[in-house]
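Here are my notes on the model, point by point. Please read them with the structure open.

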Amino acid sequence: MPRPNHHSPALPGAVPGELPGQIVLVLQGGGALGSYQAGVYQALQEAGIEPDWIIGTSIGAINASLIAGNEPQHRLERLHAFWSRVQHEPQGSFQGSFLGLDRRWSQWSTLTQGIPGFFIPNPLAHAGDAFPLGANRAGYYSTAPLEHTLAELVNFDLINQGRPRLTVGAAHVRTSRMRYFDTRDGRLDVRHIMASGALPPAFPPVRIDGELYWDGGILSNTPSEAVFDDDPRRDSVIFSVHLWNPVGPEPTTMADVLNRHKDVQYSSRIASQIARLQQTHRLRHVINELASRLPESERSNPEVRELLGYGCQTRMHVVQLLAPQLDHDDHTKDIDFSQAGIRRRWEAGYAHTNAVLARKPWEGQFDPLSGVILHEAKDLGTLAAE
C-alpha cells in the first residue's frame, strides 16, 4: 500500500478552495473492505483536500475516528497503524491456492481465533442459545481489543473540537431507529465508535446513556442522508465511498449466491436513496424558481414566506467511489484481513481517487434545477489476485 508522504505535491487544480462547497467524506461499513477507504483518504490528503465533515458507519466509523481524532500530519500514520494491527496471517497456512485451501484456512482461522487488535472469541456464546450472557456480552466475539486499539490511536478530545465534524451512525436496538451521533450536537467517545461497529450476532451491542446500540449498517450502511437532512443545508462535494457493489452478474453457484446476497444486502438502498434525494432537491429548486416569479407583495406575505422556506438553492455533488471485486472474492471478503487483501484494496482506493480527482467531475455546466448531482463510479476493472 502507498506509504504516508506528507510532502507529496497536490494534483494540479485539486485544492480545497476550488471545490464548490464543504467537503464531506461518507464511509460505508464493510469490515476488512474498509482498507479501500484508507487509500481514498491518502489520495485526498496528498491532493491537499481535507474533509470538513466525515460520516461513517461500522468500519467507516472506525476509519473516520482515526482521521478526525488525529492532527492532519499524523492521520495517515494512524490509519497505517490500525490496518497493520488488524492484519491477520494464520499460522501454518497452506502454500499455493490448491482448491482455495489457503483462503479457507485463513477464513477458518479468523472465525476461530478472531483478529488481533479487533475482536476475540466469546466462548460462552456457544454455551447454548438460551444461555444468559447479559446484554453487554451477547455476541459471538468480544470487541474489547478494539476498544484498547482505539484508545491508543484516537484522540477523542481532538475529535470533540469538531474540526472536522464527525458523525457516526448506530441502530437503536429497542426501536429499530437509526441514531446519528454528531460532534456538533454533543461529545463523542469510544463507545459511539464501538456502537457503530457492533454488528450482530458477531458483536455485542454497546450501551450509551442507558440504551443499547448495534451497527448502523443494519439500517443504513451508506449514511448519506445525514448530509441531505442537515440543517442548514450547504453546497457540498460529497465523496461517497462504497465497499459493496450494487451491480453484479447473475449468480450460478451457491458461492455466487452468498457473495451477491451480501452485496445486495449492504448496497441495495443506494440507488433508490439517491433517486429520492434528487427528486426532493429538484422540487426545492423549483420552489425557488417559482418564488422569483412572484411579485414582492406576495413574497412578503407571511404565509407565502413560510411556504418559500421549503425551497433551497444549495447544490450537492455526490462523487461515488467503488471498491473493486478482487479475483476469488466470495461472501467472506469482509473478513479478509490478510496482508495482500488489505494492501491491494488500499492501493485501489488510492488509484481510483486520484483518477477521479484528475477528472474533477464537479466542474462544468449542470441543470440549474438539479440540487443533487451524482457522479457514478466508472468501471475501473477487477484486480487480479496475486
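1. Two strands count as paired if DSSP finds at least two bridges between them. On that footing, I55 of strand β2 stands opposite T167 in β5. Note that this is a predicted model.

2. β2 covers residues 53-56. It is joined to strand β5, residues 165-172, by four bridges, and the two run parallel.

3. β2 also pairs with strand β1, residues 22-27. Four bridges join β1 and β2, again in parallel. Here I55 is the bridge partner of V26. So named, I55 has a partner in β1 and a residue opposite in β5.

4. Which way do the β2 side chains point? W53 and I55 point one way, I54 and G56 the other. All four are buried.

5. The link between β1 and β2 deserves a look. Helix α1, residues 35-46, joins these strands in a β-α-β unit, and the unit is right-handed.

6. Turn now to helix α5, residues 144-153. Its buried residues are P145, L146, T149, L150 and L153. They fall within an arc of 130° seen down the helix axis, so they line one face of α5. An α-helix has 3.6 residues a turn, so residues three or four places apart point the same way.

7. What does the other face of α5 carry? Turned away from the buried side are H148, A151 and E152, which are exposed.

8. The buried residues of α5 have several packing partners. Among the helices are α2 (59-68), α3 (72-85), α6 (156-159) and α7 (190-196). Strands β3 (120-121) and β4 (141-142) are also packed against.

Key: Residues numbered from 1 in each chain as written. Predicted model: local features only at pLDDT ≥ 70, side-chain atom pairs only at ≥ 80, totals over all residues. Heavy atoms only, no water. Buried < 20%, exposed > 50% of the residue type's maximum accessible area, 1.4 Å probe, protein only. Right-handed = clockwise from strand over helix to strand, strands pointing away. Arc of directions from axis to C-beta. Contact = heavy atoms within 4.5 Å.
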